[in-house]
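User: I've got a chain on screen and I'd like to talk it through with you. Can we take it one question at a time?

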Amino acid sequence: MADIADIGNDRAQWHLDMALAAHKAVPLKASLKDCIDCDDPIPEARRLAATGCTRCAECQELSEKMGARYAG
Ligand SMILES: [Zn+2]
């Protein structure tokens, strides 16, 4: 007979399964070939390392600095 702890564990496992399934269903966002800011081609290594990246390393760094400035 299941006690309250077992029911809690089942529910946690169910949530975990759902979260994993939802995560798997979302396709990985493809990296852009060219930077959205400067139109320079994004190096293949960066596109693979930073999946879904939209900027070259320089513009990404600049964007993050700008973001940090505005966020503060
Ligand atoms: Zn750029």
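User: Arg47 and Glu44 both lie in which helix, and how many residues apart are they?
Analyst: Keep in mind that this is a predicted model. The side chains of Arg47 and Glu44 meet in a salt bridge, with 2.9 Å from N to O. The pair is about one turn of the helix apart. So where does that put them: Glu44 is partly exposed at 47% relative accessibility, and the two residues both lie in helix 2, 3 residues apart.

User: What is the helix pattern along the protein chain?
Analyst: The secondary structure comes to 3 helices and 0 strands. With no strands to fit in, reading along the sequence gives α-α-α.

User: How many salt bridges does the count come to?
Analyst: One of them pairs Arg55 with Asp37, with the closest N and O atoms 2.8 Å apart. Another joins Arg47 and Glu44, and Lys65 forms one with Glu61. The count comes to 3.

User: Which parts does the Arg55 and Asp37 salt bridge tie together, and how many residues apart are they in sequence?
Analyst: The closest N and O atoms of Arg55 and Asp37 are 2.8 Å apart. Arg55 lies in the loop between helix 2 and helix 3 (57-71), while Asp37 lies in the loop between helix 1 and helix 2, so the bridge ties together parts of the chain from two loops. Asp37 is partly exposed, with a relative accessible area of 47%. The separation of the tied parts in sequence is 18 residues.

User: Is Lys65 buried or exposed?
Analyst: Lys65 forms a salt bridge with Glu61, and the closest N and O atoms are 3.5 Å apart. The two residues are 4 residues apart in helix 3, separated by about one helical turn. Glu61 is partly exposed at 46%. Lys65 has a relative accessible area of 52%, and since the cut-off for exposed is over 50%, Lys65 is exposed.

User: Which residues make up the largest nonpolar core?
Analyst: In soluble globular proteins, nonpolar side chains tend to be buried together. In this chain, buried residues make up 15% of the 72 residues. The largest nonpolar core has 5 residues in all: Cys35, Ile42, Cys53, Cys56 and Cys59.

User: Which residues does Ile42 touch, leaving out those up to four places away in sequence?
Analyst: Ile42 belongs to the largest nonpolar core. Its contacts include the core members Cys35, Cys53 and Cys56, and charged partners from the salt bridges turn up as well, namely Arg47 and Arg55. The full list is Leu32, Lys33, Asp34, Cys35, Arg47, Cys53, Thr54, Arg55 and Cys56.

User: With those cysteines around, how many disulfides does the structure hold?
Analyst: A disulfide is a covalent bond between the sulfur atoms of two cysteines. Take Cys53, which is buried at 5% relative accessibility: its sulfur is 9.0 Å from the closest cysteine sulfur, in Cys35, too far for a bond. The number of disulfides in the structure is 0.

User: Where is Ala30, and how far is it from Ala50, C-alpha to C-alpha?
Analyst: Ala30 sits in the loop between helix 1 (4-25) and helix 2 (44-49), and counts as exposed at 59% relative accessibility. Ala50 is found in the loop between helix 2 and helix 3, where it counts as partly exposed at 23%. The two alanines are 20 residues apart in sequence, and in space the distance is 9.7 Å.

User: How far apart are the C-alpha atoms of Ala50 and Ser31?
Analyst: Ala50 is in the loop between helix 2 and helix 3. Ser31 is 19 residues away from Ala50 along the chain, and their C-alpha atoms are separated by 7.6 Å.

User: Which residues does UniProt list for "zinc finger region: dksA C4-type"?
Analyst: An unreviewed UniProt entry also lists "domain: Zinc finger DksA/TraR C4-type" at residues 33-65, and over that stretch the chain is 45% helix and 0% strand, with the end C-alpha atoms 23 Å apart. For the zinc finger region, the chain is 36% helix and 0% strand, with the end C-alpha atoms 8 Å apart. The record, again unreviewed, places that region at residues 35-59.

Note on methods:
Residues numbered from 1 in each chain as written. Predicted model: local features only at pLDDT ≥ 70, side-chain atom pairs only at ≥ 80, totals over all residues. Heavy atoms only, no water. Buried < 20%, exposed > 50% of the residue type's maximum accessible area, 1.4 Å probe, protein only. Salt bridge = Lys/Arg side-chain N within 4 Å of Asp/Glu carboxyl O. Core = buried A, V, L, I, M, F, W, Y, C linked by side-chain atoms within 4.5 Å. Contact = heavy atoms within 4.5 Å. UniProt positions renumbered as here; feature names shortened; annotations may be inferred. Disulfide = S-S within 2.5 Å.
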